[in-house]
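User: Hi! Could you walk me through this one? I'd like to start with how exposure is defined.

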Amino acid sequence: MAETQNNSKVKVHEVTKLTPFSSNSTTAAPFTLPLTYFDTYWFKFPPVERLFLYQITELTSDSFNSAILPKLKHALSLTLLHYTPLAGHLMWPPDAAKPAIYYFPDDGVSLTVAESNSDFALLSGSGIRDAAEFNPLVPQLSISDDKAEVIAIQITYFPNQGFSIGVSYHHSLLDGKSCIMFIKSWAYFSKQIQSSDVHNANPSLAPELTPCFDRTVIKDPDGIDMVYVKHWMDFTGSSDTRSLKVLATAVDKEGSSDFVRKTFELSGEDIKKLRDKVNKINNEAGESRQLHLSTFVLTCAHAYVCQIKAKRVEANTTVKFAVGGDCRGRLDPPVPTNYFGNCIGSVIGEAKASDMIRDDGVAVVAEKLSEMIKVLKGNGVQGSEDKMVKTIVMLKEKGHVMLTAAGSNRFDDYGSDFGWGRPKKVEIVSVDRTGAISLVESKDGGGGVEIGVVLKKQQMEVFAPLFVNGLEDL
């Protein structure tokens, strides 16, 4: 394909469709994958964009095009044979009660190959960077009223610096855990190709990477999947209530030039100090309740308080929190850990900004988040109309501030080694338009967590010292 220019720093060399690997003995058959209530809850939310940056100094164009790109393409084709639904599309035929994933022969995943002259060291660092610099490194997911791609991938070569893999995926089919399982499966085959000849074979995956697509493991006797669909149809308020187009984002990417991105880190020791501080405050207040002070809770509590202060939110403003939790092990009976699809339970809570900006604000938020997570147990993990009603109300209401987190410190994102080493940096690019913070486990382990934050430049100048000095005061 002729080269095209879509950004002053990124040149697109190729856009192709990569299909599941096919041989005389292996060909993916057409099928339909239904959506569960976990899927229909998320199917209107914007796509998620993840970026993995791999440093290879002195990487030439010849080496990239002859040694790296062909292996990545072939490994992806092999992976899609095991993850065939990703090659399909989300569709909603007129005779169907709800959307589903449809796969037909010759369907495939859109793969973009590009080249960037951006500063790789800057992008893969943790300092302040223009948020817009990351947008050309992730592909745009094709979504129309009647058809939507499930996933799109972009591989970008940085001359003499390395390469990146950008992934955009529709929330109707997979959650963060499923996405990382797919990425690791792709990486697994890539390493296999480099160590042995698998070009004419159909290699198997390790059990923990073999996806389970069995939708019967999600029990839904009350038809909550259709309850969620009906609420989304009513919410759109348009003439085409069956449109597959997703919700508008909190921030328009085209108008986000004044937003910057920075990565902060909490070490295992920082987490321990935050936990001790929250417990001390609660003990002094005579609180006897046992709090769920996980790394997630403490990280979000600290970051959220800093966000409210940096944005100078008025004291009487209502701040809403949306907490998601993996329900695979919480359902009864439990769902297999390798279940591929959405399996995230969501809980919504709120607090007043005035309580968050107090000296004990972190403890206030930690207690609130702790109580929300406790809801995700027993019947709390099941779908219900009340959950969707609260979500719709939150989306419709004006005048409140919404705080949430994308990703998790338990996914092992940095374990995604394609054969050329672990990522130098992992980013969740899409938080620049959703307003969420991103969470990724620390690259060096030790129980730490990396927090990706996107704010306006002036807000970041306030947030950064608040975040850092708040830890020094523990």
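Analyst: Happy to. A residue is buried at under 20% relative accessible area, exposed at over 50%, and partly exposed in between, with a 1.4 Å probe and protein chains only. With that cut-off, Glu371 is partly exposed, at a relative accessible area of 27%.

User: Good. Anything I should know about the model itself?

Analyst: The model is predicted, so local features need pLDDT of at least 70 and side-chain atom pairs count only at pLDDT 80 or more, while totals for chains, interfaces and linings use all residues. Residues are numbered from 1 along each chain as its sequence is written, and side-chain values use heavy atoms, with hydrogens and water left out.

User: Back to Glu371, then. Which side chain does Glu371 meet in a salt bridge?

Analyst: Glu371 pairs with Lys374, at 3.6 Å from N to O. A salt bridge here is a side-chain nitrogen of Lys or Arg within 4 Å of a carboxyl oxygen of Asp or Glu. The two residues are 3 apart in helix H9 (residues 361-375), so about one helical turn separates them. Lys374 is partly exposed too, at 31% relative accessibility. Helices are DSSP runs of H or I with at least four residues, strands are runs of E with at least two, and both are numbered from the N terminus.

User: How many salt bridges does the whole structure have?

Analyst: The search finds 21. Among them is Lys272 with Asp276, at 3.1 Å from N to O. Those two sit 4 residues apart in helix H6 (residues 268-284), so they are separated by about one helical turn. Lys272 is partly exposed at 41%, and Asp276 is partly exposed at 40%.

User: What about a pair that links distant parts of the chain?

Analyst: Try Asp326 and Lys177, whose closest N and O atoms are 3.4 Å apart. Asp326 lies in strand S13 (residues 318-326) and Lys177 in helix H4 (residues 176-195), 149 residues apart. Asp326 is partly exposed at 30% relative accessibility, as is Lys177 at 27%.

User: And which residues are linked in a network?

Analyst: Arg129, Arg261, Lys425 and Glu427 are. Two of those names come back in a cavity: Lys425 and Glu427 both line the second largest cavity.

User: Nice, let's do cavities. How many are there?

Analyst: There are 2 of 30 Å³ or more. On a 1 Å grid over the protein atoms alone, a cavity is a set of points where a 1.4 Å probe fits but cannot get out, and lining residues have an atom within 4 Å of a point. Points are joined across faces, edges and corners, and the volume is the space filled by probe spheres set on them.

User: What volume does the largest cavity have?

Analyst: About 90 Å³. Its lining includes Tyr37, Phe38, Ile344 and Lys387, and helix H1 (37-42) and strand S14 (344-352) are the elements that give two or more residues to it.

User: And the second largest cavity, which strand gives the largest share of its lining?

Analyst: S16, with 4 residues. That cavity holds about 50 Å³, and strands S16 (425-428), S17 (437-441) and S18 (449-456) each supply at least two lining residues.

User: Last topic: which strands form the open sheet?

Analyst: The order is S3-S6-S5-S9, with antiparallel pairing; two strands pair if DSSP finds at least two bridges between them. S3 (31-34) and S9 (147-149) are at the edges with a single partner strand each, so one side of each has no neighbour in the sheet. Between S5 (residues 89-91) and S6 (residues 100-103) there are 3 bridges, and Met91 has Ala100 in S6 as its bridge partner.

Key. 1 Å grid on protein atoms, 1.4 Å probe; cavity = no way out; pocket = protein on both sides within 12 Å on 5 of 7 lines; lining within 4 Å.
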